[in-house]
Amino acid sequence: LPTASGLVEMGAHWIHGPSPGNPVFRLATRYGLLGPEAAQEENQRAEAGGHPPLPSVTYGSSGRVLSPEAVSEARDLFDALLASARAFQGAEELPAPSVGQYLRAEIAPRVPALGGGQEDARRLQLAVLAACLKLECCISGTHSMDLVALEPFGEYVSLPGLDCTFPGGYSSLPDCMLSALPEGTVLLNKAVRTIRWRGSFREEGEEGRDFPVRVECEDGDAFLADHVIVTVPLGFLKERHQDFFQPPLPERKAEAIRRLGFGTNNKIFLEFEQPFWEPQQQLLEAVWEDESPLKEPSANLEASWFKKLVGFVVLQPPEQHGHVLCGFIAGKESEYMETLSDTEVLSTMTRVLRTLTGNPHLPAPRSVLRSRWHSAPYTRGSYSYVAVGSSGDDIDVLAQPLPEDPEDPRPLQLLFAGEATHRTFYSTTHGALLSGWREAERLNQLFEAPGPT
């Protein structure tokens with residue numbers, strides 16, 4: 001989205017794990033869309049574990065910069081515990097149903113030793129651990145890590161490489177991909193109301209033939225097809241699958257849609273006349289010093305929604321963007337933020353930054369821009385996670401084409417792609433891309449298969 005000073009990403013932000021195993025990275029490289037750093041071999045080999053490791057400063061709610069040693073001590077503990085949470089794949093006995101409960105059970109016995117046993121230092125470490133959990137909520141696209149299932153958590157695969165952005169915006173990639181297609185191939189602003197399948201829809205005209213699928217649009221247009229690849233977000237399917245597909249989906253697939261998790265992660269962009277941060281700082285983190293992962297968070301969204309904000313990334317380079325911070329916030333608090341006016345969000349963010357920096361005279365941002373993924377009727381959130389009560393098998397069930405009977409004379413009427421259908425790369429753009437290629441290949445195989453002789 002172009003703004004006054006440059007370009008901001010309302011959706012996907014980074015290429016996560018830009019290395020040869022990532023198809024988004026391969027395409028971006030082929031089209032020459034990346035900056036010189038992304039091409040460096042050592043950057044492609046770096047194990048970042050899904051976090052862009054940016055030079056950062058951490059502010060506490062008491063209005064001071066927190067000691068980097070104290071912050072990294074707590075973060076190292078959290079990272080170690082999170083890594084251990086990925087080890088329960090296929091385990092018969094689970095210590096807890098969710099990642100959140102597991103982490104709390106691991107943190108609790110370590111509390112007395114935190115911060116060298118000193119009360120203030122221990123409290124600060126707990127506050128940093130609480131902040132780490134919020135960041136993890138953004139990464140998983142969930143309200144709480146208590147909703148994320150422990151057993152399948154380790155199935156998600158992080159690719160190597162230092163996360164990078166597109167200098168010309170993420171949309172420069174689909175623009176290049178689209179430029180290879182004939183004019184008029186892609187129709188935009190053409191919302192689909194219903195997909196009728198297992199039907200017999202006659203084409204008009206003398207030579208007209210019969211099609212099993214009819215895609216009906218909200219503007220009244222309709223398209224007949226043998227095959228349709230459905231890539232709508234899981235959030236939309238959760239809300240609308242009963243009336244979106246006629247006949248409705250088989251119960252097994254409807255169950256998978258219900259069980260899998262789908263949450264919200266939003267961005268809040270703040271544009272400043274002048275930066276209040278140092279030029280080398282690329283990440284400003286927020287820690288609320290009275291919080292602990294062992295305490296129930298406040299349920300009063302109106303009073304404390306902003307505490308779910310994990311911090312701000314500084315958009316780079318400032319020559320291109322101006323002085324812009326991008327805040328990340330997940331979950332119910334993020335959804336509540338969508339209901340507020342720009343003015344309310346801007347004044348709350350100003351108050352938060354004045355609190356964190358300890359500067360009551362910090363100038364307010366001159367503008368605010370934010371994503372609203374939960375309110376968007378065709379997404380209803382951001383991306384998927386494997387929820388408690390669900391498993392990676394549900395992802396595979398969601399990805400299964402219909403009709404299910406392999407003997408059906410008209411196979412592959414409905415195919416399913418999108419990030420929520422990729423078992424190891426769900427929640428990512430590269431997972432979405434690979435799932436689309438997977439379904440295209442399925443159709444290729446069908447067209448190449450020798451017909452009955």
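Here are some notes on the sheets, helices and nonpolar cores of this predicted model.

1. Let's start with the 7-stranded sheet. It is open, its pairing is mixed, and the strands come in the order β2-β1-β12-β13-β14-β11-β15. The edge positions go to β2 (64-65) and β15 (367-370); each has a single partner strand, so one side of each has no neighbour in the sheet.

2. If you want a pairing to check by eye inside that sheet, try β1 and β12. Strand β1 covers residues 56-60 and strand β12 covers residues 283-287; they run parallel and are joined by 5 bridges. Look for G60, which sits opposite V287 of β12.

3. What lies across this sheet? Helix α13 (residues 342-357) does: it lies across β1, β2, β11 (265-272), β12, β13 (311-314) and β15. With respect to β15, helix α13 runs at about 110°.

4. Just before that comes helix α12 (residues 331-339), and its buried list is worth a look. Which residues of α12 are buried? They are G331, E333, S334, E335, M337 and E338, so don't expect a purely nonpolar set here, given that glutamates are among them. As for partners, the buried residues of α12 pack against β11, β14 and β15, and also against helices α10 (301-304) and α13.

5. Now the cores. The largest nonpolar core has 46 residues, and the members that touch the most others are V99, L103 and L129. Two or more residues each come from α4 (68-85), α5 (99-107), α6 (119-140), β12 and β14 (323-330). Helix α6 is the top contributor, with 10 residues.

6. V99 makes a handy anchor for browsing that core. Leaving aside residues up to four places away in sequence, V99 touches L82, A85, M145, V148, A149, L150 and F153. There is also a second, separate core of 26 residues; L270, W277, I329 and V368 are among its members.

7. Finally, the other sheet. This one is open too, with 4 strands in the order β7-β6-β3-β9 and mixed pairing. Which strands stand at the edges? They are β7 (222-225) and β9 (245-246), each with a single partner strand, so one side of each is left without a neighbour in the sheet.

8. Within that sheet, strand β3 (residues 192-196) pairs with strand β6 (residues 213-217) in the antiparallel sense, over 4 bridges. For a single pair to pull up on screen, take T194, whose bridge partner in β6 is E216.

How values were computed. Residues are numbered from 1 along each chain as its sequence is written. This is a predicted model: local features need pLDDT of at least 70, side-chain atom pairs count only at pLDDT 80 or more; totals for chains, interfaces and linings use all residues. Side-chain values use heavy atoms; hydrogens and water are left out. Two strands pair if DSSP finds at least two bridges between them. Contact means heavy atoms within 4.5 Å. Axes are lines fitted to C-alpha atoms, for helices over the stretch in contact, and angles run from 0 to 180 degrees between N-to-C directions. A nonpolar core is a set of buried Ala, Val, Leu, Ile, Met, Phe, Trp, Tyr and Cys residues joined through side-chain atoms within 4.5 Å. Buried means under 20% relative accessible area, exposed over 50%, partly exposed in between (1.4 Å probe, protein chains only).
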